[in-house]
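Thanks for making time this morning. I would like to walk through one structure with you, taking the cysteines, then two helices, and then the interior space.

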Amino acid sequence: MSPSRPTQVRPFEIHRGIYMVGGPEMTDGRDGCVYLLDFKELILIDSGAGWSVDQIEENIRLLGFNCSRLTKVILTHCHIDHAGGAPLLRSRYGSQLCIHELDAIPLESGDSKRTAATWYQTTFPPTPVDVRLRSPDDTIRIGNEKIICLHTPGHTPGSISVYLDRDGKRILFAQDLHGPLLKEFGSDFDDWDQSTQKLLDLQADILCEGHFGIYGSKREVKEYILSYRRHYGVA
Ligand SMILES: [Zn+2]
Ligand SMILES: [Zn+2]
């Protein structure tokens, strides 16, 4: 497959200490959006599809950070457009891969179907997971900061949505809540219905989405989630 041509969108700050460093418009057309948190440690939320790790690293450096501080990569789910860069980041920086235990299984076994690698005409290398998220709302603490990993199954059994509160704003990272809901991904419609309701209940101020970028107001976030609930006939 020929690599998609990245455009000129440069990495940018979304909110204090929170950046976009990768995505379809920024690093590779096959990448889901990649977000960076600078909370004493550097933490990535998702890692792109795997072909653009060098560009993601370059973007982190452009923002003035040293990739050697990259301690964790939180994966919102096991699909390659979000998790494909994780094996290389882990081997280069020793970053811990954090993912819900149900989506850890396809990563560790290198399941090409469940990781959607077959959609991208490639395979997924069996990849060890360092932190298995288990509870409905696991919290990763960095100093005073709390990063909450909410289990939001639906698109995949181990999908999570990440949120945190900073400067009076609630920032939500919710990837692929738009679906698709497919048997081969282990999708579950009733789970999806409950999960999207949970996301609405969070009343987030900013949504950092997985493919379409940033929704910057409470109203826009709500409308985005509701639009998919209407699409699937539950709102
Ligand atoms: Zn997905
Ligand atoms: Zn995706």
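How many disulfides does a search of the whole structure find? Before I answer, please keep in mind that this is a predicted model, and that everything I quote is computed from it. The search of the whole structure finds zero disulfides. With a disulfide taken as a pair of cysteine sulfur atoms within 2.5 Å, we can go through two of the cysteines in turn. For Cys 78, the closest cysteine sulfur is that of Cys 98, at 15 Å, which is too far for a bond. For Cys 98, the closest cysteine sulfur belongs to Cys 149, and at 7.3 Å that too is too far for a bond. Both of these side chains belong to buried residues, since Cys 78 has a relative accessible area of 2%, and Cys 98 comes in at 0%.

Let me turn to helix H1, which runs over residues 53–62, and where the buried residues are Val 53, Ile 56, Glu 57, Asn 59 and Ile 60. Around the axis they cover an arc of only 155°, so they sit on the same side of H1. As for what covers them, the list includes strand E2 (18–22), strand E3 (34–39), strand E4 (41–45) and helix H3 (86–93). After H1 comes Gly 64, with a positive phi near 100°.

Helix H4, residues 101–109, can be read in a similar way. Its buried residues are Asp 103, Ala 104, Pro 106 and Leu 107. Looking down the axis of H4, we find these buried residues within an arc of 165°, and therefore they line one face of the helix. They pack against helix H2 (80–83), strand E6 (96–100) and strand E7 (131–133). Just after H4, Gly 110 adopts a positive phi, of about 65°.

Finally, the interior space. The count gives one cavity of 30 Å³ or more, and the largest cavity holds about 100 Å³ of space. Its lining is made up of 15 residues, and those nearest its centre are Thr 152, Ser 161, Gln 175, Asp 176 and Leu 177. Two elements, strand E10 (160–166) and helix H5 (189–201), give two or more residues to that lining, and H5 supplies the largest share, with four residues. For those of you thinking about the chemistry of the lining, by class there are six nonpolar, eight polar and one charged residues.

How values were computed. Residues numbered from 1 in each chain as written. Chains lettered and ligands numbered in written order. Predicted model: local features only at pLDDT ≥ 70, side-chain atom pairs only at ≥ 80, totals over all residues. Heavy atoms only, no water. 1 Å grid on protein atoms, 1.4 Å probe; cavity = no way out; pocket = protein on both sides within 12 Å on 5 of 7 lines; lining within 4 Å. Points joined across faces, edges and corners; volume = space filled by probe spheres on them. Nonpolar A, V, L, I, M, F, W, Y, C, P; charged D, E, K, R; others polar. Buried < 20%, exposed > 50% of the residue type's maximum accessible area, 1.4 Å probe, protein only. Arc of directions from axis to C-beta. Contact = heavy atoms within 4.5 Å.
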